[in-house]
Amino acid sequence: MKFQKNKLVVGSAFEYEDVLMLSVLQAIPEGFDAEFELTGKIISGQDFTDTLKNLGLDLAAKAKKEKETKKVQNYVCNINVKRPVLVNKKLMLELVKTLQSSCYLLFSFTVYVCSKCASKVVLNPDTKMYTCEACGEEEKKPGKEFSMKTKTTPPRPTTKQKGVPKTETQKIATKIKFCQAILSNTEEARTMLINEIAPDFLDEIPSKVKVIELVNNYHVNNLVFPPRELMKNSKLFRKLTIREGSLERILRADKNSFENVIQFKI
Ligand SMILES: [Zn+2]
């Protein structure tokens, strides 16, 4: 999380993209209802076509089958960069809230907002200027930016090391490139993001901070297995196994470091 003069730039690892996206969408000024282009990918274990249709989106999920067994592996909806769909803030919030618990939402979009009247700003390719659609204000740089850039391929659980092993810092740097969000650096946006991402460090984070880094380390130290009669169904067996352990959270705010350990049982 980098706090720049006007922008708040956040990089995150896989599985944090939906939380980050909700923050970006909520930060878009109240009353901004212009449409913007959405691209990316939705991946789920179940068919979500009906949900998309119910939201009024002309999109469908395609079943991806395993080559050998022909069993459905997952459902995917690809929104190609060449054929983006038009959405607005309200629809996006509905989409994310409806699908976030059952799907991976790997979306990218960019919204420019006029700093004078909070309307949509578009880039004029001829003049290379950003022009407000409502008040006509022209700026060299867009007044406010709200954007998400997410990779469309989830990282594989085990990546084989090639060449020189990476240091912890390098590993983190690679991981947080999965999703990048930009929002306008306001008091409200800062509070919302910190509340969302690091509620357990509210007292430690100083009010004037340039960079915040948060690392989660999961340590599973015990597995509680379900009854023996479920042994035959490996999928169900895995699902019902309880993992006990601790989550070690390390927060660095500029040069200060804080730690929090949370015990879990899931
Ligand atoms: Zn304007």
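**Helix packing and small sheets in a two-domain model**

Let me begin with a pair of helices: the axes of helix α1, residues 17-27, and helix α3, residues 89-99, come within 10 Å of each other and cross at roughly 155°. I should say at once that this is a predicted model, so please take what follows as a description of computed coordinates. Since angles over 145 degrees count as roughly antiparallel, α1 and α3 are therefore roughly antiparallel to each other, and their crossing is left-handed. If you look at the residues that meet there, α1 contributes Asp 18, Met 21, Leu 22 and Leu 25, while α3 contributes Lys 89, Met 92, Leu 93 and Val 96. By class, the residues of this contact divide into six nonpolar and two charged, with no polar ones.

Stepping back to the whole chain, the domain assignment gives domain 1, covering 2-197, and domain 2, covering 212-266, and the C-alpha centres of these two domains lie 27 Å apart.

Next, the strands, starting with a hairpin. Strand β4, residues 62-65, pairs with strand β5, residues 72-79, in the antiparallel sense over four bridges, and within that pairing Lys 62 stands opposite Val 76 of β5. Six residues lie between the two strands of this hairpin, and in the turn Lys 70 has a positive phi of about 65°.

Further along the chain there is an open sheet of three strands in the order β8-β9-β10, with antiparallel pairing; its edge strands are β8, at 121-124, and β10, at 138-139, each of which pairs on one side only. Strand β9, residues 129-132, joins β10 through two antiparallel bridges, and here Tyr 130 stands opposite Glu 139 in β10.

Finally, let me turn to another open sheet, in which three strands follow the order β13-β14-β15, again with antiparallel pairing. Which strands stand at the edges of this sheet? They are β13, residues 212-224, and β15, residues 256-265, and each has a single partner strand, so one side of each is left without a neighbour in the sheet. From one strand to the next, the twist averages 15°. Strand β14, residues 242-253, pairs with β15 in the antiparallel sense over ten bridges, and in this register the bridge partner of Leu 247 is Ile 262 in β15.

Methods. Residues numbered from 1 in each chain as written. Predicted model: local features only at pLDDT ≥ 70, side-chain atom pairs only at ≥ 80, totals over all residues. Domains from an automatic or database assignment. Axes fitted to C-alpha atoms, helices over the stretch in contact; angles between N-to-C directions. Parallel < 35°, antiparallel > 145°, perpendicular 65-115°, else oblique. Left-handed = near helix turned anticlockwise from the far one by under 90°. Contact = placed C-beta atoms within 7 Å. Nonpolar A, V, L, I, M, F, W, Y, C, P; charged D, E, K, R; others polar. Pairing = 2+ DSSP bridges.
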